[in-house]
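Hi,

Here is the structure I promised to pass on. Have a look first, and my notes on the helix packing follow below.

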Amino acid sequence: MDSIAPGGLAGDRTAVVPGGGFSLSAQEMWKIIKENKDLDLPAHKVMVATVRCDEIAQQKILELSSHEEWKDLQESANSGPVIGFGNRLRALLDRIISGYDTEAAYFEGSVRDKKRNLLVSRSFEIAQPAYQAVIGHHRAKAFDNFKNNLNLSSKSLDQGFTSFVQSCRKTCLDEFDKGCADAHIPQAGWDSLKARDKLQRDIEACVASVREQKLLEIENVFKRRLEEALALPAASLLDAASSDTWPALRKLFHREIEIAKAGLSAAIAGYELDENSTEKMLSDLSEFGRSVIEKKAREEASKALMRMKDRFMAVFSHDAESMPRVWSKEEDISAITKDARLAALKLLSIVAAIRLDEKSDTVEAALTSLIGDGQEIVQRSAGNFTSSEHRSAITSASNALASSTWEGIAGEDTLLTPVQCRNLWRQFKSETEYTISQALAAQEASRRAVSWLPPPWAILVMIVLGFNEFMALLSFTVQESHILGSWFCTLSARKSSLGAA
């Protein structure tokens, strides 16, 4: 209508086609359109579909990002594990994708599908951090439950530790897998294997830590028991310091070590340790028991001089019945001094080295050789300190004790070196000299006191020859006693009569 009027469809044309020529004109126009590639309508549809589908997809992305349900789901995922996360996210994404499908239904199919795939991919990219957060929370929760179960239940294990750990591990992984299945969306292609691998590594590290802690606790328990079983008996045996001290200590050590090893082996059986680890624990327990005895031995060695003086005084000042000695002239102070010093040297030989390994050594022989020096103070006091034998004994002892090691004793088992023992011996002699001198003085005083009395035969002669005089004196004494008695009776009677008056 009004097609050729000014402003109409063809009003600006200078050349118009009459109505009778419309059919021919239309055919020519269509021919030109079909032959002109710039007017290819399918390409135009693709362009329009590309633009519109991209716009619709972007709109849906924005709709997803601003959706209240998504914000709530995202916030919950960041806070902790979300029950039903996969279903909730899948339902939300389905609504977003369905909206796209509705709006882009009439656009070119290939373009529509391509943009739809991009929308799905982009939606999953937006949702993946929330998914990973949920998986992380499930992993942390499962691991926390594993640690709690392991720490609480392993305090009183009725089954072996390894079996219990396997049960806890299975429960933990099953719990994690259940959480992952709840959050899973098949179309997304998300993978929880990395999180599961990390959970397994954390479990193994935790198990190793707990196993080490439990084994250490068990080991410490048996060490405390072993120390209690060894410390006091060892101290008592070393305090006695007799020739049976180290044999008794070896017997005590081996007996208690075997008991402790048997108990430890039974206690760690459920941990399924390898042979090397088990042997190391048993070896460490044995070394600890040895260290307990070594500690007591070192304590005794540090008090060697005091103990030597105590042992010397016990022998020197008391007889075989432990009664205090009276230094009469019958007492052989030289022999007693030698015995007392020999006892002190034997004590020194016992505390000079550790002998938990049954090996022969020359410690006692070397120290006992000093006993040739034993009568030095007695001889000095008596004035006969000049014998060549005595000087030879001193030289022999000095040579034997000039070394810094004992023959047959390892360096780590040496408590007092030969040089230290020689120095202790010199100090010991110096500090006990006064005691011996006092004994000699007491014996000399006793000898002089006895010499003031007449000999026994003289006392017997005086008794026989003076018997008559003794009897006469006794008779006179009896008579005088009767006279005095009569006088006292008379005096008492007079006092009584005066009192009555």
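**Helix packing notes**

Helix H10 crosses helix H11 in a right-handed sense. Please keep in mind that this is a predicted model. The H10 axis (residues 304-316) comes within 8 Å of the H11 axis (residues 333-351), and the two cross at roughly 145 degrees. On the H10 side, the contact is built from Ala 304, Arg 307, Met 308, Arg 311, Phe 312, Val 315 and Phe 316. H11 contributes residues including Ile 333, Ile 336, Ala 340, Ala 344, Leu 347, Leu 348 and Val 351. Sorted by class, the contact of H10 with H11 has 13 nonpolar, 1 polar and 4 charged residues.

Next comes H7, which packs with both H6 and H8. H7 runs over residues 193-240. Its 48 residues reach 69 Å from the first C-alpha to the last, close to the 70 Å expected at 1.5 Å a residue. Just after H7, Ala 241 has a positive phi of about 50 degrees.

How do H7 and H8 pack? H8 covers residues 245-267, and its axis lies 10 Å from that of H7, at an angle of about 165 degrees. That angle makes H7 roughly antiparallel to H8. The crossing of this pair is right-handed. Among the H7 residues in the contact are Ile 218, Phe 222, Leu 226, Ala 229, Leu 230 and Pro 233. H8 answers with, among others, Trp 246, Leu 249, Leu 252, Phe 253, Glu 256, Ile 257 and Ala 260. The contact of H7 with H8 divides into 18 nonpolar, 2 polar and 2 charged residues. A general point helps when reading these lists: an α-helix has 3.6 residues a turn, so residues three or four places apart point the same way.

H6 (residues 161-183) also packs with H7, with the axes coming within 11 Å and crossing at roughly 155 degrees. H6 and H7 are therefore roughly antiparallel to each other. Their crossing is right-handed. From H6, the contact takes in Phe 161, Val 165, Arg 169, Cys 172, Leu 173, Phe 176 and Asp 177. From H7, it includes Ala 195, Leu 199, Ile 203, Val 207 and Val 210, along with Arg 196, Glu 204 and Arg 211. By class, the contact of H6 with H7 has 10 nonpolar, 1 polar and 5 charged residues.

Finally, the salt bridges: the structure holds 28 of them. One joins Asp 54 to Lys 115, whose closest N and O atoms are 3.5 Å apart. This pair links distant parts of the chain, since Asp 54 sits in helix H2 (residues 41-66) and Lys 115 in helix H5 (residues 109-153), 61 residues apart.

Best wishes

Terms used: Residues numbered from 1 in each chain as written. Predicted model: local features only at pLDDT ≥ 70, side-chain atom pairs only at ≥ 80, totals over all residues. Heavy atoms only, no water. Axes fitted to C-alpha atoms, helices over the stretch in contact; angles between N-to-C directions. Helix = DSSP H or I, 4+ residues; strand = E, 2+ residues; numbered from the N terminus. Parallel < 35°, antiparallel > 145°, perpendicular 65-115°, else oblique. Left-handed = near helix turned anticlockwise from the far one by under 90°. Contact = heavy atoms within 4.5 Å. Nonpolar A, V, L, I, M, F, W, Y, C, P; charged D, E, K, R; others polar. Expected span 1.5 Å × (residues − 1). Salt bridge = Lys/Arg side-chain N within 4 Å of Asp/Glu carboxyl O.
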